[in-house]
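User: I have a structure open and want to go through it in short steps. Where should we begin?

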Amino acid sequence: MYDIEKIRADFPILARKVNGQPLCYLDNGASAQKPQVVIDAILRGYAEDYSNVHRGLHTLSNISTEKYEAVRGIIARFLGAAFEDEIVLNSGTTEGINMIAYAWAMPRMQAGDEIVLSVMEHHANIVPWHFLRERQGVKLVWIEPEADGSLDPAKVLAAITPRTRLLAITQCSNVLGTMVDVKTICKGAQAQGVPVLVDGSQGAVHAPVNVADIGCDFYAITGHKLYGPSGSGAIYVRRERLAEMQPFMGGGDMIRDVCRDTVTYADPPMKFEAGTPGIVQTIGFGAALEYLMDLGMENVAAHEADLAKYAGERFSGLNWVQVQGNAPAKAAIFSLTLDGAGHAHDLSTILDQKGIAVRAGHHCAQPLMQHLGVAATARASFGLYNTRDEVDTLIDGLELCHRLLG
Ligand code: PLP
């Protein structure tokens, strides 16, 4: 059973006040809070076990290496990857997608080749592809969401041409909360021999993930949204694609031999992990994923579905609030604009006075903002520890905004 009070007690920060009010943290889409087990893993990582990883022959280096490398297995289990060596550790989704752009896409794409993207991608899944457009003449093909914010897999697949080299699609919009049927997209794309990169930064947070079942080639996650430390993350890369990738960053740890005139590389995944990594961050990330697996992602998903349903009902009673996106499959992420209200930032500032943390702005999704015809929204994004009472607190706060700004 999902004991929400016990779960909340696992997150020490939830007990604090902000501006004299109990914290109502609804900015999980930007970054989630950390449970005590993650904080403890970080403390232990520095206070008891710290040393650099790999190649060390002394005790602390061996302990750090073992703990660090164990996280690869934890991530593989969390994502349902068949092989641990398909997990490349990194600092988060931005690094993961840039790595795919540099190490896999750039060497194999020419002018006129096409990458298909949805309009609701985060900039992390847009700008690396713009690099290929600018530098190599690759064409970006954009798929618009439907009026309700859903993304039609048939439209994505219909955009495939003989020049399509990659589909790069989010599993969950960080603005609309739309959950995308990436499995259908991958199946259709694979039938036509087109690889798919799934941005799982938001998707993996809200529902169980199984990359083998999805059938994607690349799947990016970021630790800090999964209740782990910032500066941690990973990307799943299917073995065939790993074999096609050239090294991305060069340096220590990714080589076999370096001579004056030659260099040979380590096998994947090490080949793509140059330099001293975020050792303790990654160990903390492993603790976060174990915490999530102990809770059960299906239980987290059910809890958040209840919050989404309740919040949706409460918003529908307010005719002066517009919720952007009401796709049938929607995570508990609500981007709001208010009739006659000033900028979304005013909303966020007033809510903050009530201890409510929401994010205002374009949410690193400017093409989507252009599509919606809004400059900014105030986004309330719920996590595994939020409650129906907090939905009520948000609605009370919005009523205050309406009175002050409307
Ligand atoms: N993709 C999506 C859908 C996101 O929401 C985010 C973060 O907001 C990112 C990518 C980038 O993640 P990071 O900044 O952790 O690399």
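Analyst: This is a predicted model. Begin with S5, which is covered on both faces. Glu 114, Val 116 and Ser 118 on one side are buried, and so are Ile 115 and Leu 117 on the other.

User: How many residues of strand S5 are buried?

Analyst: S5 spans residues 114-118. Both of its faces are covered. The strand counts as mostly covered, and its buried residues number five of five.

User: In which sense do S5 and S6 pair, and which residue of S6 stands opposite Glu 114?

Analyst: S6 covers residues 139-143. Its pairing with S5 runs over five bridges and is parallel. Opposite Glu 114 in S6 stands Lys 139.

User: What is the handedness of the β-α-β crossover from S5 to S6?

Analyst: The chain leaves S5 and passes through helix H5, residues 127-136. From there the chain reaches S6. This crossover is right-handed.

User: Which residue is the bridge partner of Val 116 in S7?

Analyst: S7 holds residues 164-170. S5 and S7 are parallel and share four bridges. Within S7, Val 116 has as its bridge partner Leu 167.

User: Now the aromatic rings. How is the pair of Tyr 46 and Tyr 50 classed: stacked, tilted or edge-to-face?

Analyst: The structure holds 10 aromatic pairs. In the pair of Tyr 46 and Tyr 50, the ring centres are 5.5 Å apart and the planes stand at 35°. Stacked needs under 30 degrees and edge-to-face over 60. The angle lies in between, so this pair is tilted.

User: Are Tyr 46 and Tyr 50 buried, partly exposed or exposed?

Analyst: Buried means under 20% and exposed means over 50%. Tyr 46 has 49% relative accessibility. Tyr 50 has a relative accessible area of 38%. Both values fall between the cut-offs, so each tyrosine is partly exposed.

User: How is the pair of Tyr 227 and Tyr 385 classed, and how many residues apart are they?

Analyst: Their ring centres lie 5.7 Å apart with the planes at 85°, so the pair is edge-to-face. Tyr 227 sits in the loop between strands S9 and S10. Tyr 385 sits in the loop between strand S17 and helix H15. The pair links distant parts of the chain, with a separation of 158 residues.

User: Are Tyr 227 and Tyr 385 buried or exposed, and which residues form the cluster with them?

Analyst: Tyr 227 and Tyr 385 are both buried. Ring pairs join them to further residues. The cluster is Phe 11, Tyr 227, Tyr 291 and Tyr 385.

User: Which ring does the charged end of Arg 135 sit over, and which face does Arg 239 lie over?

Analyst: The charged end of Arg 135 is 4.5 Å from a ring centre, and that ring belongs to Phe 131. Arg 239 lies at 3.5 Å from its ring centre, over the face of Phe 83.

User: On to the ligand. Which side chain has an N or O atom 2.5 Å from a nitrogen atom of the ligand?

Analyst: The residues surrounding the ligand include His 122, Asp 199 and Thr 222. A polar side-chain atom of His 122 lies 3.2 Å from a ligand oxygen. A side-chain N or O atom of Thr 222 is 2.6 Å from an oxygen of the ligand. For the nitrogen atom at 2.5 Å, the side chain is that of Asp 199.

User: Last one. How many Å apart are Gly 96 and Gly 223, C-alpha to C-alpha?

Analyst: Gly 96 is in helix H4, residues 93-108. At 0% relative accessibility, Gly 96 is buried. In sequence, Gly 96 and Gly 223 are 127 residues apart. In space, their C-alpha separation is 12 Å.

Terms used. Residues numbered from 1 in each chain as written. Predicted model: local features only at pLDDT ≥ 70, side-chain atom pairs only at ≥ 80, totals over all residues. Heavy atoms only, no water. Buried < 20%, exposed > 50% of the residue type's maximum accessible area, 1.4 Å probe, protein only. Helix = DSSP H or I, 4+ residues; strand = E, 2+ residues; numbered from the N terminus. Pairing = 2+ DSSP bridges. Right-handed = clockwise from strand over helix to strand, strands pointing away. Phe/Tyr/Trp six-rings, centres within 6.5 Å; stacked < 30°, edge-to-face > 60°. Lys NZ or Arg CZ within 6 Å of the ring centre and 35° of its normal. Near = heavy atom within 4 Å. Polar contact = N/O pair within 3.5 Å; in protein donor to acceptor, adjacent residues only side chain to side chain.
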